[in-house]
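Subject: Structure for you to look at

Dear colleague,

I am handing over the structure we spoke about, and below it you will find a description of what came out of the analysis. Please keep the structure open beside the text as you read.

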Amino acid sequence: QVQVVESGGGLVQPGGSLRLSCAASGSIFSIYRMGWYRQAPGKQRELVATITSGGSTNYADSVKGRFTISRDNAKNTVYLQMNSLKPEDTSVYYCHVAGSRSREEYWGQGTQVTVSS
């Protein structure tokens, strides 16, 4: 059993900042990659940012320069620092974990991020 626990979502004003956290725990052997996806109502889920255990990152074009993903491998935790937030960033953000043993996948429950004045 693996648990993926997210935190940090909430309401923020345009131009503001928010930091999301996601910790994976349980029987997972090791983690290959962790990341964030988001899905707004009526839209498909899209990749926001990912980071491998080695530090390789990937960002959606829409968040480049504004969001920064980082990780603490020892704690199996990934963070998403979101700056200069826009109303278009409003979405449910989901943490994604890919294990290194067999590339098994796990998802968090999602955390709501709302950017509004």
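A convenient place to begin is with strands β1 and β3, which pair in the antiparallel sense over six bridges. Please bear in mind throughout that this is a predicted model.

Within that pairing, Val 5 has Ala 23 in β3 as its bridge partner, and Ala 23 in turn has a bridge partner in β8, namely Thr 77. Strands β3 and β8 also run antiparallel and are joined by six bridges, and Arg 19 stands opposite Gln 81 of β8. Taken as a whole, the open sheet consists of four strands in the order β1-β3-β8-β7, with antiparallel pairing. Because β1 (residues 2-7) and β7 each have a single partner strand, they stand at the edges, and one side of each is left without a neighbour in the sheet. On average, and with direction ignored, neighbouring strands of this sheet are turned by 15 degrees against each other.

Strand β3 also takes part in the one disulfide that the structure holds. This disulfide joins Cys 22 to Cys 95, with an S to S distance of 1.9 Å, and it links distant parts of the chain, since Cys 22 lies in β3 (residues 18-26) and Cys 95 lies in β9 (residues 91-99), 73 residues apart. The torsion about the S-S bond of Cys 22 and Cys 95 is about -85 degrees, and the disulfide is therefore left-handed. Both Cys 22 and Cys 95 are buried.

Turning to the interior, the largest nonpolar core has 27 residues, and those with the most contacts inside it are Trp 36, Leu 80, Met 82 and Tyr 93. Two or more residues each are given to this core by β3, β4 (31-39), β5 (46-52), β7 (67-72), β8 (77-82), β9 and β11 (111-115), and the largest share, four residues, comes from β3. If residues up to four places away in sequence are not counted, Tyr 93 touches a number of residues, among them Leu 20, Trp 36, Arg 38, Phe 67, Leu 80, Met 82 and Val 113.

Arg 38, which lies in strand β4, deserves a paragraph to itself. Is this arginine, Arg 38, buried or exposed? At 6% relative accessibility it counts as buried, because the cut-off for that class is under 20%. The side chain of Arg 38 makes a polar contact with the side chain of Glu 46 at 2.8 Å, and another with the side chain of Ser 62 at 3.3 Å. Leaving aside neighbours within four places in sequence, the residues in contact with Arg 38 include Gln 44, Val 48, Val 63, Phe 67, Asp 89, Ser 91 and Tyr 93.

Finally, two loop residues have a positive phi although neither is glycine. Ser 84, in the loop between β8 and β9, has a phi near 50 degrees and, at 40% relative accessibility, counts as partly exposed. Arg 103, in the loop between β9 and β10 (105-107), has a phi near 60 degrees and, at 53% relative accessibility, counts as exposed.

With best wishes

Terms used
Residues numbered from 1 in each chain as written. Predicted model: local features only at pLDDT ≥ 70, side-chain atom pairs only at ≥ 80, totals over all residues. Heavy atoms only, no water. Disulfide = S-S within 2.5 Å. Buried < 20%, exposed > 50% of the residue type's maximum accessible area, 1.4 Å probe, protein only. Core = buried A, V, L, I, M, F, W, Y, C linked by side-chain atoms within 4.5 Å. Contact = heavy atoms within 4.5 Å. Pairing = 2+ DSSP bridges. Axes fitted to C-alpha atoms, helices over the stretch in contact; angles between N-to-C directions. Polar contact = N/O pair within 3.5 Å; in protein donor to acceptor, adjacent residues only side chain to side chain.
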